[in-house]
Amino acid sequence: MFVITWILRFLQQIIAQPALLIGLIAMVGLLVEKKSSTDVIKGSLKTVLGIILIGSGAGIVIAGLTPLNDLLTKTFNITGVIPVNEVMFAQAIAKYGSEMAAIMALAMCANLLLARITKFKFIYLTGHELMWISTLMAIILNIANLPAWEVIVGGGLLTGLYMAIAPSLIYGSVCKVTGSKEIAVGHTGTVYYWFAIAIAKLTGNKEKSCEDVNVPKNLNFLRDLSVSLTLAMWAVYLVVILLAIIFKPTVMAEVFGTDNSFILGLMDSVTFAAGIYIIQAGVRMMIGELVPAFKGISDRFIPNSVPAVDIPVLYPYQPNSVLIGFLVATIGSIVGFGITLLLVHTSWALPIMIPTLFNAFFYGATFGALCNKEGGVRGVVFGSFFGGIVTIILPALLMSVGHIVINNTTFGGGDSAVIGVFFGLLSKALSGQGLFITILVLFLLPILFGRVRNRVPAKSEQAVQGAK
Amino acid sequence: MSGLGSSFLMEMNVKKVLAKLGLNDVEVEHSTISDVMPGSTDLIVCSADIAEECASAGGVIPLVNLLSGDELEQKLRKYLEERQK
């Protein structure tokens with residue numbers, strides 16, 4: 001009897017530690033793959049290490065942001081939100097880690113199934129973006145008060161559905177950039193890209209390509225995230241510090257004591273960038289075993305599948321457009337931030353999003369790469385500018401309508417926002433079982449209506465409709 | 001760019017090509033531009049648009065099609081031949 005209670009308590013304590021539980025799941029996976037014993041030990045330990053790094057990184061990021069939010073609250077009585085996937089995920093994992101891992105595993109199976117039997121042939125190989133979406137699902141369905149098994153099954157099926165269908169939204173434009181049909185893009189910014197491409201098609205002029213414009217190449221040093229995030233954050237700190245000195249000088253002493261606020265602002269910005277770096281190192285460790293296994297299975301069982309991969313595959317084809325898109329989207333996101341500021345005391349008030357440039361960077365570069373083929377210089381400028389605004393507005397809606405927020409952070413991806421807002425509204429009309437059944441029906445739709453065998457994914461109107 | 005997605009798939013490709021060339025004792029890792037510094041590695045396989053940023057570490061193989069095994073194999077063979085001279 002004593003032994004049994006001891007074992008039960010032992011298991012209970014493992015389950016209470018998401019890091020250990022996920023490590024255990026990784027170990028089972030590696031054993032199933034029949035890896036060597038050293039690989040099993042290395043792989044499962046690295047998964048646990050990755051999760052610990054992610055948690056520590058989150059603490060460091062928040063430490064770098066706290067003075068900024070103190071300044072904003074004490075001076076203007078507002079709070080700024082950081083819509084950064086990495087930070088949001090790192091904080092959510094402590095609470096939703098185990099469910100997230102189970103959702104992810106099921107989602108990959110669902111993606112394989114859909115790619116096998118429907119016309120949506122995409123295999124979503126961007127492991128970290130898959131983690132953001134799985135985490136989002138875990139949070140949404142927990143808010144809707146579903147029991148744990150329904151959170152996992154519902155979340156897994158929905159995430160798998162997302163993985164198979166979302167890449168089709170921009171597949172046509174991606175093919176134009178790469179000049180082949182072999183690669184798709186799997187990224188949680190798909191809705192932003194779709195929007196920017198639509199604007200570029202409307203306003204653009206293909207005659208004049210961005211690649212013929214002279215762009216100072218040394219701007220490329222901003223592609224180093226540690227550098228650009230520090231600089232961007234410091235700029236935000238400087239502006240807020242200046243405003244605080246003008247409007248409420250006493251706040252300075254409250255937040256920074258007697259020390260020089262500009263220097264402390266710089267230190268906090270470096271701290272912020274360091275935290276992001278650590279989170280990403282942790283994520284890299286955590287998904288290290290996952291993606292090769294997933295790719296191996298899909299290569300073997302679904303030979304005609306199209307891999308949906310991370311956005312940098314587009315950049316080497318359009319290096320100039322990437323820089324222009326990034327610069328213009330930065331301006332767009334600052335304008336978007338201005339819009340949230342202006343709306344503060346109106347009935348349209350949205351949460352205030354701090355432009356960390358993190359989002360403008362990835363999304364902006366992709367706007368550039370995709371819009372140039374659709375609308376040349378003019379298309380890139382208009383697409384990236386309005387795209388940049390949307391990268392601020394959609395996360396704000398995710399927070400205010402979808403109620404997805406932890407410690408003033410939320411997801412930055414447009415797809416996360418659309419899914420979150422959709423379920424935020426849906427859960428007002430439906431609750432519990434109704435919601436779960438809706439998810440099952442959604443998952444069955446492409447199986448019932450999209451069953452075409454051995455065909456390259458067609459970018460049809462249905463595909464676009466279905467992905468929304 | 002964050003060293004998480006596309007570079008990971010490139011790593012898998014590099015490993016595949018190395019195995020094909022019979023080079024099994026080469027260590028391959030994927031990472032972000034922030035990790036590029038002199039002496040950090042012998043050779044960097046990267047996207048063509050950031051080749052200059054990666055040059056400080058040593059050898060660079062810039063790819064235009066990041067996922068093309070053929071392009072990689074061709075350029076890697078050339079690099080190895082030149083190194084042997």
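# A tour of chains A and B

Start at Glu207(A), which counts as exposed because it has 8 C-beta neighbours inside 10 Å. Here a residue is exposed if 12 or fewer other C-beta atoms lie within 10 Å of its own, buried if there are 20 or more, and partly exposed in between, with C-beta atoms placed from the backbone. This is a predicted model, in which local features need pLDDT of at least 70 and side-chain atom pairs count only at pLDDT 80 or more, while totals for chains, interfaces and linings use all residues. Residues are numbered from 1 along each chain as its sequence is written, and chains are lettered from A and ligands numbered from 1 in the order in which they are written.

Glu207(A) lies in the loop between α8 (190–203) and α9 of chain A. Helices (H or I, at least four residues) and strands (E, at least two) are DSSP runs, numbered from the N terminus. Now add Lys373(A) to the selection: Glu207(A) and Lys373(A) are 166 residues apart in sequence, and their C-alpha atoms are 9.9 Å apart in space.

**The core**

Select Ala196(A), Leu314(A) and Leu370(A). Within the largest nonpolar core, which has 177 residues, these three touch the most other members. Helix α14 (residues 358–400) of chain A gives the most to this core, with 23 residues. A nonpolar core is a set of buried Ala, Val, Leu, Ile, Met, Phe, Trp, Tyr and Cys residues joined through C-beta atoms within 7 Å.

Stay on Ala196(A). Leaving out residues up to four places away in sequence, Ala196(A) touches Phe367(A), Leu370(A), Cys371(A), Gly383(A), Ser384(A) and Gly387(A). Such a contact requires C-beta atoms, placed from the backbone, within 7 Å.

**The sheet of chain A**

Next, show the strands of chain A in the order β2-β4-β3: these three form an open sheet with parallel pairing. The edge strands, β2 (122–124) and β3 (184–185), each pair on one side only. Two strands pair if DSSP finds at least two bridges between them.

Take β4 (residues 306–309) of chain A, which pairs with β3(A) in the parallel sense over two bridges. β2(A) and β4(A) also run parallel, joined by three bridges. Which residue of β4(A) is the bridge partner of Val185(A)? The partner is Val309(A). Ala308(A) has Tyr124(A) opposite it, and Ala184(A) stands opposite Ala308(A) as well. Val306(A) and Ala308(A) point one way from β4(A), Pro307(A) and Val309(A) point the other way, and all are buried.

**Two helices**

Select residues 37–76 of chain A, helix α3. This helix has 40 residues and reaches 58 Å from its first C-alpha to its last, close to the 58 Å expected at 1.5 Å a residue. The expected span of a helix is 1.5 Å times one less than its number of residues. Centre on Leu65(A), where α3(A) has a kink of about 35°, shortly before the proline Pro67(A). The bend at a residue is the angle between axes fitted to the seven residues ending there and the seven starting there.

Move to α13(A). Its end C-alpha atoms are 35 Å apart, which agrees with the 34 Å that its 24 residues should span at 1.5 Å a residue. Of these 24 residues 17 are buried, so α13(A) is largely enclosed by the rest of the structure.

**Three asparagines**

Most residues other than glycine have a negative phi. Just after α3(A), Asn77(A) takes a positive phi of about 60°. In the loop between α5 (127–143) and α6 (148–165) of chain A is Asn145(A), whose phi is near 65°. Asn145(A) is exposed, with 12 other C-beta atoms within 10 Å.

Asn408(A) has a positive phi of about 60°. Is Asn408(A) buried or exposed? It counts as buried because it has 21 C-beta neighbours inside 10 Å. Its place is in the loop between α14 and α15 (414–429) of chain A.

**Chain B**

Show both chains: 26 residues of chain A are in contact with 22 residues of chain B. On the side of chain A that touches chain B, α11(A) gives the most, with four residues.

End inside chain B with strand β1 (residues 43–47), where four of the five residues are buried. β1(B) pairs in the parallel sense with β2 (residues 59–63) of chain B, over five bridges. In β2(B), Pro62(B) is the residue opposite Cys46(B).

Notes:
Contact = placed C-beta atoms within 7 Å.
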